[in-house]
Every structure is written in C-alpha cells, then in structure tokens.
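Work through the exercises below with the sequence and the model at hand. Each task is followed by a solution in steps.

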Amino acid sequence: MKDMLPDNLEHFKRLIKRSLTTLLLISGAMLSGSPSQAQTNTVWLDQLDLSAATQGYGVPKKNKTVDGRAFSIAGRTFERGFGSHAVSMLTVLTEGKARSFSALVGIDDEVKGQKPAAEFVINGDGKQLWSSGVMHLGDAAKPCQVSLEGIKKVELVVNDGGNGDYYDHVEWVDAKFETIGVSTLKTYDPVPSTPYVLTPKPSASPKLTGAKVFGVRPGSPFQHLVTATGSKPMTFTAINLPKELKLDSRTGLITGGALKAGNYTVTIKAKNAKGVAQRILRIKCGDRIALTPPMGWNSWNCFAHQVSADKVKRAAHAMVKSGLIDHGWTYINVDDFWENNRDSKDSSLRGKLRDEAGNIVPNSRFKDMKGLADAIHGMGLKIGLYSSPGPWTCGGCVGSYEHEQQDAEAYARWGFDYLKYDWCSYGNVIDGMPENDPYKVSSLSYRGGDRLNTAIKPFKLMGDLLRKQPRDIVFSVCQYGMSDVWKWGDSVNGNCWRTTNDITDTWTSVKNIALAQDRSAPYAKPGNWNDPDMLVVGQVGWGNTHPSKLKPDEQYLHISLWSLFAAPLLIGCDMEKLDAFTLNLLTNDEVIDIDQDPLGKQATCVQTIGDLRIYVKQLEDGSKAVGFCNFGLEQVDMTYHDLAKLGMKGRLKVRDLWRQKDIGNVDVRSGNLKLKVPAHGVLLYKFLPKV
Ligand code: GLA
C-alpha cells in the first residue's frame with residue numbers, strides 16, 4: 001500500500017491535470033468560438049482601406065461620391081458607402097471569415113443630364129456571385145445580398161455598362177460584411193506600385209537609332225533627322241545621299257527637296273570619340289509617307305484646354321534636352337484649343353473665329369503659327385495640328401466645316417507636318433443635331449452608326465486637300481474606329497486612324513483598348529497604322545497633371561503592346577516632368593525598333609493561356625517579337641513549350657528586349673521556356689533564327 005500510494009497519487013494528479021486541460025480547452029474554444037459559435041461582427045465597407053481600389057477616374061472616396069458630394073441615388077440619400085467611378089475594382093481578403101456582404105448600388109444623381117451606364121458585379125474566389133445588370137441614371141438603388149461562407153477573396157467590380165465609362169459615378173452604399181470573429185478585413189491591390197528600371201543606359205560608343213526607312217513624296221520639302229545614342233559630340237556622314245539632299249554633319253539633320261520618285265539606299269555613319277557606327281537608311285520617294293508609325297508628343301493628355309505656343313515650345317525643348325530626340329521621337333503635335341472657342345469663359349480663347357475672308361484665326365496663345373513651326377523645325381523636330389470636319393471641335397473650338405481648303409492651305413503655309421482630324425460635331429452636320437452640343441455626347445450617339453458614305457466623306461475631302469499641298473502632311477483620322485475605319489482609311493489618304501475611344505491612365509482603359517486591336521491588325525502596313533490612342537505614362541491629366549495611375553508593370557505592358565501593335569507612339573505627358581522610370585520606358589531602342597520595324601506588320605494574339613495572352617509580331621529580318629502579356633492579377637509562373645504554335649521553327653536565340661539581354665537558345669521542338677510574368681505585366685522577347 002505504502003508503495004502504491006505514491007503511484008496512485010501520481011495517477012490521481014495526472015487525472016486532475018488531464019481534466020483541467022480538457023476544461024481549459026473547452027472554455028478556450030468557447031471563448032475564441034468555433035466557426036459556428038464565434039461572435040459575428042458588422043464590418044462596414046467604408047471602414048476598410050479603400051485606397052487599394054482601382055477606378056477609371058478620380059480617387060476612391062469614403063462616404064462621398066467620386067466628386068466629393070453626399071450620396072444620392074434616384075433621389076434617395078445615403079450616409080455611408082464607397083464612392084467610385086467605373087471601371088472600378090476593390091479586392092477584399094475575407095479569408096473565410098465573412099458570412100455575407102450586403103449593399104445597395106447605383107449611379108449618383110450628381111451626373112444629371114449625362115447618360116452613364118454601369119454594371120455592379122461581386123466575385124468570390126474568381127466566380128461571379130452577383131450582378132446588378134446594367135443600371136442607368138435614375139434607377140432606384142438596387143439591393144444585393146450574397147453569402148460569402150468559405151470565400152477567401154471578394155472582388156467588388158463596377159463595369160462600364162457597355163457605352164464607355166463616361167460619367168459613371170457609381171457607389172456601394174450601406175455596404176457591409178457580416179464577419180465571424182474578426183472586426184476588420186484587409187483590402188488588397190495585387191499589382192505592386194514601386195517603379196523599377198529594366199533597361200541599361202546606352203553605351204558611350206555611337207549607335208544609330210530610329211526609323212530605318214523614310215518616305216517622302218516627289219518634290220516635297222525634305223526633313224529627316226538621323227539619330228544616334230552615344231557620347232557627344234557626334235559627327236554624321238552619308239554615302240550615296242541623293243544630290244537634292246544635304247546632311248548637317250553636326251546635327252544629323254537631312255534637308256533639301258525636289259527629290260525624284262525612286263528608292264535611295266544611303267549609308268549613314270555616326271562617329272564620336274568612342275568609335276563609329278554605320279547603318280543603311282532607305283529613302284523611298286513615292287506616293288506613300290509615314291512608312292513607320294509616327295513617333296512624338298501630343299499636348300492633349302497633359303495640357304488639354306490649357307495648351308499654348310509657349311508650352312508647346314517648352315515640350316519640344318524638353319524632347320531635345322531629355323535626349324528623347326536621340327531615339328527617334330519626332331512630332332510635336334498641338335491638339336485642340338489652338339483655335340478660338342465659342343463659349344469658353346477664358347478670354348485667351350475668345351476672339352474672331354475666322355477673318356473676313358474666312359481664314360482661321362488662331363487664339364491669342366498662338367499668335368504666330370509659322371514662327372512656332374519654324375522654331376520646332378529648327379530643333380530638328382516636326383510639328384502637328386488638330387481640327388475637326390464639323391463646325392466645332394470636341395472642345396467647342398472652331399472646326400474646318402465648309403473651310404476645308406482654306407484650312408489645309410493654312411497648315412501648309414505655316415509649315416505643319418501632321419494633322420489630326422477629329423470627327424466630333426460632324427455628327428451634327430449629318431443629323432442636324434442641336435448646334436449647342438459641341439462636345440462628344442451627341443457624336444457618341446452617332447458612334448456605331450453604319451452610314452458608310454457619310455462616315456467617309458469628310459475625311460476624304462480633307463485627305464485629298466492635304467495631298468494637294470506643296471508639303472507632306474501626315475493625316476491622322478480620329479473617329480474612334482467607327483464604320484471599320486481600318487477598311488477605308490487608306491482610301492481617304494489616312495496614314496493612321498484611331499480604332500477606339502479616348503484613352504485614360506487606368507488599367508481598364510488600357511486593357512480594353514488593347515483587347516480591341518486584333519480586328520484591325522490585318523490592315524496595318526507602311527503608311528497605314530491603327531492608332532489605339534496616345535501613351536499614358538509620365539505626368540498626365542488633361543489640364544491637371546498627376547503621375548500616371550498605371551502601375552509600373554502596367555506601363556511596361558502598355559509600351560510593349562503599343563510597340564507590338566505598330567501603333568503611332570505619341571507621348572502624352574508633361575515633357576518637363578519626365579522621371580527616370582518614364583525615360584527608361586521611352587528610350588529603349590530595341591523596344592522602339594519593334595514598333596518601327598520596316599515590315600509594318602501588327603502583332604495579334606496568337607495564343608491565350610488563362611489570363612496570359614501571347615502576341616506575335618513578324619519582323620523584317622525574319623525574327624519575331626513576342627509579348628507574353630499577363631492580363632490577370634496573379635503572377636504567371638510556367639514552363640512554356642508551345643513555340644511551334646507561335647509559328648516558330650528550328651533553333652532560336654531568345655533576347656529579352658526590356659533588359660536588352662540574350663537569355664539563351666531554344667529548340668522549338670524540344671525546348672522549354674521558363675516564363676515568370678508579373679500580374680498586369682509583360683515579357684517582351686525577340687526570337688531570332690540561329691545561323
Ligand atoms: C477627342 C479626341 C481626343 C482629343 C479631344 C480634343 O476626344 O479623341 O484625343 O483630341 O477630342 O478635344
């Protein structure tokens with residue numbers, strides 16, 4: 001017994017310990033709550049960090065509309081919620097800890113008089129859980145209630161309702177999650193924001209850059225700048241330059257005129273303290289110009305209605321000073337608002353629209369158009385202008401309607417090299433729409449109309465008139481892709497034509513425009529380019545600039561795609577505020593060469609693997625440029641073995657164009673390619689046949 005007692009005691013102690021542990025476990029479980037018993041909380045959407053949301057315009061707002069007002073949907077007011085603008089997306093990490101989400105959704109009354117349309121969608125772990133259907137202004141707030149049991153990631157999305165995102169001021173009001181055991185939820189933006197530079201700086205030894213082929217019409221004044229990177233001073237020489245032309249050995253500027261029709265093969269040399277570079281420049285004197293997509297700058301995406309001659313000259317200076325000019329950037333294009341406006345409150349935009357003889361009178365910010373053109377030419381650059389075939393431009397300035405010939409002659413007299421001709425109020429001419437609707441709204445209602453002849457007529461008129469001028473003027477047709485412009489743009493002497501609506505610096509805008517390009521791709525060729533609109537990198541903002549809202553990876557994708565598309569490359573940012581990241585995006589000569597490739601083919605999407613879209617562009621030297629483009633929110637990490645599907649054969653050298661680095665050889669039949677493509681990002685590779 002004596003001996004047993006301690007044993008029993010031990011047993012007894014163990015028993016008590018075990019029971020206590022069980023008791024503790026039970027009470028612990030009761031305190032923390034098993035899923036079914038845990039405490040439920042109400043977590044309001046407006047209590048979360050809404051800055052992770054992306055949206056088409058403005059910034060995400062708590063308890064206010066995107067314009068900062070109190071919520072009002074179809075006359076009913078609300079105090080709490082998330083005010084946004086389509087296309088918008090907010091990702092909430094619910095991690096299985098939310099039971100449900102409920103809200104009312106709708107379009108705010110603050111856009112009264114406009115025609116917004118939007119669709120609200122809730123996705124859970126990649127599946128659609130609810131949709132509002134397309135909603136319009138004046139629709140009563142629509143309730144939604146979804147179960148989120150077990151769901152880890154919820155996306156609150158607002159799409160544009162099918163008519164673009166104009167005036168889509170949208171909101172999720174009285175929006176809340178019922179959560180289990182947690183009192184807040186994390187929002188999440190899967191695309192990183194920190195810029196990173198991929199491209200090495202050009203070396204000090206000379207390297208010729210820019211277009212390898214240049215088109216001019218017989219007899220036209222000739223101006224083409226030969227460009228190179230490398231340390232300055234640089235000396236340029238040319239062998240076999242036609243006698244009608246001369247090359248300024250210090251600047252690389254070739255000028256002259258009265259060239260006869262024919263093809264001229266000129267050898268260009270660039271020499272500096274570090275060495276010599278040599279390359280062929282083909283000059284084709286014939287009917288066609290813009291043999292590679294125009295590259296330059298346009299005032300609209302940064303200055304919009306605030307443009308002035310002074311700002312334009314400063315942009316040109318910045319083009320030179322930043323070194324962009326050494327990479328082939330050429331045109332300095334003045335967009336809308338160089339003309340007088342019919343209803344602006346700004347006195348610098350008010351004045352005689354035309355003189356007694358009907359000649360257009362530029363507004364007071366543009367006193368000397370010829371002087372401006374001379375100044376830009378003096379810098380080795382070229383200059384462009386803007387007008388509309390209707391009585392009014394999109395911004396309500398005077399258009400060319402019934403003065404087409406006078407205007408075309410004025411552009412030539414002043415020395416302009418490029419005209420963007422923008423449909424806008426021409427819809428009024430056809431439809432007899434109210435004169436007091438100079439803006440896009442009325443013409444938008446015409447978009448999609450299919451009256452082919454009326455659509456072609458005003459562009460044919462101006463295109464023919466430009467051809468009659470004694471200088472080459474690139475003709476940029478701007479009517480947002482109506483009536484399949486790519487099918488007839490060449491017949492009106494168009495050199496490029498917009499294929500889609502206006503771009504904004506948002507992922508949705510760039511993505512939707514990119515996805516719409518394939519249909520017009522077969523029509524791209526030297527002298528005819530599909531135009532997906534201007535670039536939205538750097539400081540942009542239509543009169544009130546901010547850093548582009550595109551994430552760094554989205555910007556790499558944007559520039560890669562536009563180059564693959566052989567698109568006109570028109571920088572839209574404030575040129576005096578270029579940062580290192582933006583400069584890196586715009587000065588990679590190997591990427592620019594893809595855009596400027598003399599074969600003039602446009603890439604199309606050849607294969608889709610989930611969110612990965614693979615674009616292939618055939619190049620003149622027999623190689624192919626391939627964009628592995630990730631349109632999804634997860635990194636693509638895969639081994640790719642479908643090169644034959646991209647039209648490749650044999651053994652190929654693979655070069656990463658953004659990093660300007662060979663990454664090895666691949667055998668199309670047996671080889672595998674490791675791909676790591678960031679969310680909303682790109683790998684831009686060139687596949688060269690191995691000799
Ligand atoms: C339209 C065009 C824009 C710009 C503005 C000017 O919206 O699509 O690119 O030219 O007009 O008002």
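## Exercise 1: Unusual backbone geometry

Val-87 lies in the loop between strand 5 (81-85) and strand 6 (88-93). The model is a predicted one.

Task: Find what kind of peptide bond leads from Ala-86 to Val-87, and then examine the bond that joins Lys-232 and Pro-233.

Solution.
- Step 1. Omega from Ala-86 to Val-87 is near -5°, and the bond is cis.
- Step 2. Between Lys-232 and Pro-233 omega is about 0°, and this peptide bond is cis as well.
- Step 3. Pro-233 sits in the loop between strand 17 (227-229) and strand 18 (235-239).
- Step 4. As background, most peptide bonds are trans, and most residues other than glycine have a negative phi.

Task: Determine the sign of phi at Glu-402 and at His-680, and state whether each is buried or exposed.

Solution.
- Step 1. Glu-402 has a positive phi, near 65°, although the residue is not glycine.
- Step 2. Glu-402 belongs to the loop between strand 25 and helix 5, and its relative accessibility of 61% makes it exposed.
- Step 3. His-680, also a residue other than glycine, has a positive phi near 55°.
- Step 4. His-680 is in the loop between strand 39 (673-677) and strand 40 (682-689). With a relative accessibility of 5%, His-680 counts as buried.

## Exercise 2: Cysteines

Task: Identify which cysteines are joined by a disulfide and say what parts of the chain the pair ties together.

Solution.
- Step 1. The structure contains 1 disulfide.
- Step 2. Its partners are Cys-394 and Cys-424, with an S to S distance of 1.8 Å. The cut-off for a disulfide is 2.5 Å.
- Step 3. The link of Cys-394 and Cys-424 is right-handed, with 115° about the S-S bond.
- Step 4. Cys-394 is in the loop between strand 25 (382-387) and helix 5 (404-414), while Cys-424 is in the loop between strand 26 (418-422) and helix 6 (426-431), so the pair ties together parts that are 30 residues apart in sequence.
- Step 5. Both Cys-394 and Cys-424 are buried.

Task: Explain why the sulfur of Cys-496 and that of Cys-605 are too far from the closest cysteine sulfur for a bond.

Solution.
- Step 1. For Cys-496 the closest cysteine sulfur is in Cys-478, and the distance of 9.9 Å is too far for a bond.
- Step 2. For Cys-605 the closest cysteine sulfur belongs to Cys-629; because the two are 8.0 Å apart, they are too far for a bond.
- Step 3. Cys-496 is buried at 0% relative accessibility, and Cys-605 is buried with a relative accessible area of 18%.

## Exercise 3: Helix 5 and its surroundings

Task: Describe how helix 5 and helix 8 (residues 452-467) cross, and which residues make the contact.

Solution.
- Step 1. The two axes come within 9 Å and cross at roughly 40°, so helix 5 and helix 8 are oblique to each other.
- Step 2. The crossing of helix 5 past helix 8 is right-handed.
- Step 3. Helix 5 contributes Glu-404, Gln-405, Asp-407, Ala-408 and Tyr-411, and helix 8 contributes Leu-461, Met-462, Leu-465 and Leu-466.
- Step 4. By class, this contact has 6 nonpolar, 1 polar and 2 charged residues.

Task: State what the buried residues of helix 5 pack against and what follows helix 5.

Solution.
- Step 1. Among the buried residues of helix 5 are Ala-410, Ala-412 and Trp-414.
- Step 2. The buried residues of helix 5 pack against helix 4 (369-378), strand 25, strand 26 and helix 8.
- Step 3. Gly-415 follows helix 5 and has a positive phi, near 95°.

Task: Locate Pro-470 and name residues it touches.

Solution.
- Step 1. Pro-470 is in the loop between helix 8 and strand 27 (474-478).
- Step 2. Pro-470 counts as exposed, at 64% relative accessibility.
- Step 3. Leaving out residues up to four places away in sequence, Pro-470 touches Pro-221 and Ala-412.

## Exercise 4: A second helix pair

Task: Classify the packing of helix 10 (residues 507-515) and helix 11 (residues 552-564).

Solution.
- Step 1. The axes are 11 Å apart, at an angle of about 25°.
- Step 2. Helix 10 and helix 11 are therefore roughly parallel to each other.
- Step 3. Helix 10 passes helix 11 in a crossing that is left-handed.

Notes:
Residues are numbered from 1 along each chain as its sequence is written. This is a predicted model: local features need pLDDT of at least 70, side-chain atom pairs count only at pLDDT 80 or more; totals for chains, interfaces and linings use all residues. Side-chain values use heavy atoms; hydrogens and water are left out. Helices (H or I, at least four residues) and strands (E, at least two) are DSSP runs, numbered from the N terminus. Buried means under 20% relative accessible area, exposed over 50%, partly exposed in between (1.4 Å probe, protein chains only). Axes are lines fitted to C-alpha atoms, for helices over the stretch in contact, and angles run from 0 to 180 degrees between N-to-C directions. Angles under 35 degrees count as roughly parallel, over 145 as roughly antiparallel, 65 to 115 as roughly perpendicular and the rest as oblique. A crossing is left-handed if the near helix is turned anticlockwise from the far one by less than a right angle, and right-handed if clockwise. Contact means heavy atoms within 4.5 Å. Ala, Val, Leu, Ile, Met, Phe, Trp, Tyr, Cys and Pro count as nonpolar, Asp, Glu, Lys and Arg as charged, and the others, Gly among them, as polar.
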